[in-house]
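Subject: Structure handover

Hello,

Here is the structure you were expecting. Please open it alongside this message; my notes follow below.

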Amino acid sequence: MVAQKIRENIYAVGALDRDRKLFDELIPLPDGTSYNSYLIKGSEKVALLDSVDPPMYGKLLENLKDLSVKKIDYIIVHHGEQDHSGSTAMLLKDFPDARLVTNKKCMSILIELLQVPESKFIVVEDGETLTLGDKTLQFILTPWVHWPETMVTYLKEEKILFSCDFFGSHYATDELFFNDREILYPAAKRYFAEIMMPFRTIIRKNMERLKDLDIEIIAPSHGPLHRQGDFIWDAYKDWSSEAVKNEVVIPYVSMHGSTGAMVKYLEKALAERGITVKTFHLTESDLGDLAAALLDAATIVIGTPTILAGPHPNIIYAAYLVKVLRPKLRFGSIIGSFGWAGKTVEILADIISSLKLEIIEPVIVKGYPKESDFKLLDGLADGILSRHKEL
Ligand code: FEO
């Protein structure tokens with residue numbers, strides 16, 4: 001991505017990473033991502049807001065050279081995670097007069113992660129401002145979007161909110177503003193589910209703090225920018241709420257078809273009762289899609305065969321992810337098949353116990369499901385329906 005002008009003397013100078021396959025060695029990136037860095041040239045001072053993931057530093061430097069940037073006075077660090085802060089030490093070598101501007105918590109993270117000397121920092125408090133001459137930066141602490149030290153910057157004169165991870169999306173595009181909502185909405189939703197969902201209570205509080213700002217542009221540090229009135233603000237209100245939908249998510253594995261037959265039957269039984277069902281065969285599915293589905297669902301039903309006396313390892317992995325993503329789910333159940341014995345239900349129930357779901361009677365059958373087993377699945381579908389009606 002070449003440097004792009006957002007407004008007079010305000011530029012996007014970050015990098016696209018179209019080929020990155022995983023974020024945090026965990027989250028699939030089907031559309032790549034971007035590390036957005038922004039340059040603001042004030043009448044007196046120049047500020048760079050966030051850097052890029054270290055392997056992309058050359059691209060950031062190239063963009064700064066294209067804009068003939070000889071001096072940076074302030075490097076604003078919104079977040080200590082290395083996809084934004086990781087090039088900071090290299091920047092300080094290339095722009096030795098620059099000072100790092102961040103909050104106290106972020107400073108200590110950067111000292112630990114990047115071994116930057118404390119003398120390089122200017123520490124700012126919540127609400128503090130910094131003038132660039134004709135432009136004023138206001139810093140607002142927004143903890144837990146996505147780490148405890150995260151903050152955002154409001155450029156007062158231009159009404160631009162530089163929001164770092166907040167309101168971002170893992171979507172690599174050359175277009176500064178990407179107007180295809182059909183594509184960007186699911187990308188932003190998936191990103192929210194993967195990164196923001198566990199912190200939705202505090203995200204609501206942070207949105208409350210930002211809601212009175214007059215914002216014309218939201219400039220996140222991943223994905224395209226948003227104009228006032230775009231979907232992103234209302235979508236965040238929806239996604240961060242505790243409201244659930246009449247939906248069931250079924251992540252499952254089937255080794256020899258028994259559990260698969262149960263899932264297929266339950267999927268049909270639920271659909272016949274007017275419930276939306278999303279199934280994910282975990283050996284084929286993208287875990288990001290599963291996370292996005294969990295953002296809306298009232299119920300999860302985990303389907304697993306019994307292997308070595310417990311759930312399939314892929315199911316254990318998925319159940320742990322569900323536990324740490326902390327979706328809004330209210331109800332849960334477990335279905336599956338076993339050959340001789342096992343502790344599948346106990347193991348899975350223990351993994352997801354912190355979610356405090358109401359567990360609806362699991363259906364665990366011996367071998368391939370029989371007529372009586374399918375009746376139990378009808379009973380499970382009825383149980384889910386009656387609970388969803390009470391929502
Ligand atoms: Fe995009 Fe939490 O870093």
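One definition first, for the pocket linings: Ala, Val, Leu, Ile, Met, Phe, Trp, Tyr, Cys and Pro count as nonpolar, Asp, Glu, Lys and Arg as charged, and the others, Gly among them, as polar. On that scheme, the lining of the largest pocket splits into 16 nonpolar residues, 2 polar and 2 charged. Please note that this is a predicted model.

Overall picture

The chain has 391 residues, and 58% of them are buried. Its C-alpha trace spans about 80 × 40 × 35 Å along the principal axes. The fold is built with 12 helices and 24 strands.

Largest pocket

The largest pocket holds about 300 Å³ of space. Its lining counts 20 residues. Nearest the centre are Leu26, Ile27, Glu194, Leu321 and Leu325. Four elements give two or more residues to this lining: strand 5 (27–28), helix 5 (181–196), helix 9 (287–294) and helix 10 (313–325).

Helix 10

Helix 10 deserves its own look. Which of its residues are buried? They are Ile315, Ala318, Ala319, Leu321, Val322 and Leu325. Two of these names, Leu321 and Leu325, also appear among the residues nearest the centre of the largest pocket.

Why do the buried residues of helix 10 line one face? Seen down the helix axis, they fall within an arc of 160°, so they share one face of the helix. The general rule behind such patterns is that an α-helix has 3.6 residues a turn, so residues three or four places apart point the same way.

The length checks out too. Helix 10 has 13 residues, and at 1.5 Å a residue they should span 18 Å. The end C-alpha atoms are 18 Å apart, so the model agrees with the expectation.

Second largest pocket

The second largest pocket has a volume of about 230 Å³. It is lined by 15 residues, and Ile215, Ile218, Gln228, Gly229 and Trp233 are the closest to its centre. The lining divides into 7 nonpolar, 3 polar and 5 charged residues.

Strand 16 (217–220), strand 17 (226–227) and helix 7 (232–240) each supply at least two lining residues. Helix 7 gives the largest share, with 3 residues.

The sheet beside it in my notes

Strands 16 and 17 also belong to an open sheet of 6 strands. The order is 12-13-14-15-16-17, and the pairing is mixed. The edge strands are strand 12 (129–131) and strand 17, each of which pairs on one side only. Strand 16 and strand 17 run antiparallel and are joined by 2 bridges. One residue to pick out is Ile218: its bridge partner in strand 17 is His226. Ile218 is also one of the residues closest to the centre of the second largest pocket.

Strands 2, 7 and 8

Strand 7 (residues 38–41) pairs with two strands in these notes. With strand 2 (residues 10–12) it pairs in the antiparallel sense over 3 bridges. There, Ile10 stands opposite Ile40 of strand 7. With strand 8 (residues 46–49), strand 7 again pairs in the antiparallel sense, over 4 bridges. Lys41 stands opposite Val46 in strand 8.

How many residues lie between strand 7 and strand 8 in their hairpin? There are 4.

Best wishes

How values were computed:
Residues numbered from 1 in each chain as written. Predicted model: local features only at pLDDT ≥ 70, side-chain atom pairs only at ≥ 80, totals over all residues. Heavy atoms only, no water. 1 Å grid on protein atoms, 1.4 Å probe; cavity = no way out; pocket = protein on both sides within 12 Å on 5 of 7 lines; lining within 4 Å. Points joined across faces, edges and corners; volume = space filled by probe spheres on them. Pairing = 2+ DSSP bridges. Expected span 1.5 Å × (residues − 1). Buried < 20%, exposed > 50% of the residue type's maximum accessible area, 1.4 Å probe, protein only. Arc of directions from axis to C-beta.
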